[in-house]
Amino acid sequence: EAPCEADKADAQKAAENKGVPSIPNPLTWGFHDKKRKELYIWCEACKAYVGQVKFNVQTRQSYSAPVGRCTHYTAGVRSKHVAEMQAVC
């Protein structure tokens with residue numbers, strides 16, 4: 001199910017507040033699971049959730065896991081984002 005605009009705005013704000021490095025278009029933050037403290041990556045072009053991210057600067061923890069497939073969230077894109085998160089943590 002596609003995220004609504006409110007979910008995307010909430011997820012974007014959470015990513016900014018946590019200091020999560022940005023992701024390239026057409027990828028966007030689609031959902032913020034407040035209970036699990038995870039962000040989900042949504043591909044606007046493919047209309048699919050493609051990744052899951054947990055990021056915490058205070059505890060120096062970060063991970064990224066694929067949750068779907070699309071031509072925009074490649075292994076290279078994911079690897080670059082993981083490296084950027086690790087550089088911040």
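## A hairpin to start with

Let's begin with strands E2 and E3, which form a hairpin with four residues between them. In that turn sits Lys47, with a positive phi of about 55 degrees. Keep in mind that you are looking at a predicted model.

What is unusual about Lys47? Lys47 has a positive phi although it is not a glycine. For background, most residues other than glycine have a negative phi. Is Lys47 buried or exposed? Lys47 counts as exposed because its relative accessibility is 54%, and the cut-off for exposed is over 50%.

## The whole sheet

Now zoom out from the hairpin. Four strands make up an open sheet, in the order E1-E2-E3-E4, with antiparallel pairing. Which strands stand at the edges? They are E1 (27-33) and E4 (61-66): each has a single partner strand, so one side of each is left without a neighbour in the sheet. From one strand to the next, the twist averages 25 degrees.

You can walk across the sheet pair by pair. E1 and E2 (residues 38-43) are joined in the antiparallel sense over six bridges, and here Phe31 stands opposite Tyr40 in E2. Next, E2 pairs with E3 over five bridges, again in the antiparallel sense. Tyr40 turns up once more, this time opposite Gln52 in E3.

The last step goes from E3 to E4, an antiparallel pairing over six bridges. Val53 stands opposite Ser64 in E4, and Gly51 stands opposite Pro66 in E4. E3 and E4 also form a hairpin with four residues between them, and Arg60 in the turn has a positive phi of about 60 degrees.

## Two helices across the strands

Helix H1 (residues 5-18) lies across E1, E2 and E3 (48-56), and runs at about 90 degrees to E1. Helix H2 (residues 75-88) lies across E1, E3 and E4, running at about 170 degrees to E4.

## A closer look at H1

How far should the 14 residues of H1 span? At 1.5 Å a residue, the expected span is 20 Å, and the end C-alpha atoms are 20 Å apart, which agrees.

Which residues of H1 are buried? They are Lys8, Ala11, Ala14 and Ala15. Looking down the axis of H1, you'd find the buried residues within an arc of 125 degrees, so they line one face of the helix. These buried residues pack against E1 and E2. On the other side of H1, the exposed residues are Glu5, Ala6, Lys13, Glu16 and Asn17. Just after H1 comes Gly19, whose phi is positive, near 80 degrees.

## Two buried residues to find

First up is Glu38, which you can find in strand E2. Why does Glu38 count as buried? Its relative accessibility is 3%, and buried means under 20%. The side chain of Glu38 makes a polar contact of 2.7 Å with the side chain of Gln52. Leaving aside neighbours within four places in sequence, Glu38 is in contact with Phe31, His32, Asp33, Gln52, Val53, Lys54 and Tyr63.

The other one is Cys89, in the segment after H2. With a relative accessibility of 10%, Cys89 counts as buried too. Where does Cys89 sit relative to Gln58? The two are 31 residues apart along the chain, and their C-alpha atoms are separated by 8.1 Å. Beyond its neighbours within four places in sequence, Cys89 is in contact with Phe55, Asn56, Val57, Arg60, Gln61 and Ser62. You've met Arg60 already: it is in the turn of the hairpin of E3 and E4.

## Backbone oddities in the loops

Here are two more spots to look for in the backbone. Pro26 lies in the loop between H1 and E1, and the peptide bond from Asn25 to Pro26 is cis, with omega near 10 degrees. As a rule, most peptide bonds are trans.

The other spot is Lys37, in the loop between E1 and E2. Lys37 has a positive phi of about 60 degrees, although it is not a glycine. Lys47, where this report began, is in the loop between E2 and E3.

Note on methods: Residues numbered from 1 in each chain as written. Predicted model: local features only at pLDDT ≥ 70, side-chain atom pairs only at ≥ 80, totals over all residues. Heavy atoms only, no water. Pairing = 2+ DSSP bridges. Axes fitted to C-alpha atoms, helices over the stretch in contact; angles between N-to-C directions. Contact = heavy atoms within 4.5 Å. Buried < 20%, exposed > 50% of the residue type's maximum accessible area, 1.4 Å probe, protein only. Polar contact = N/O pair within 3.5 Å; in protein donor to acceptor, adjacent residues only side chain to side chain. Expected span 1.5 Å × (residues − 1). Arc of directions from axis to C-beta.
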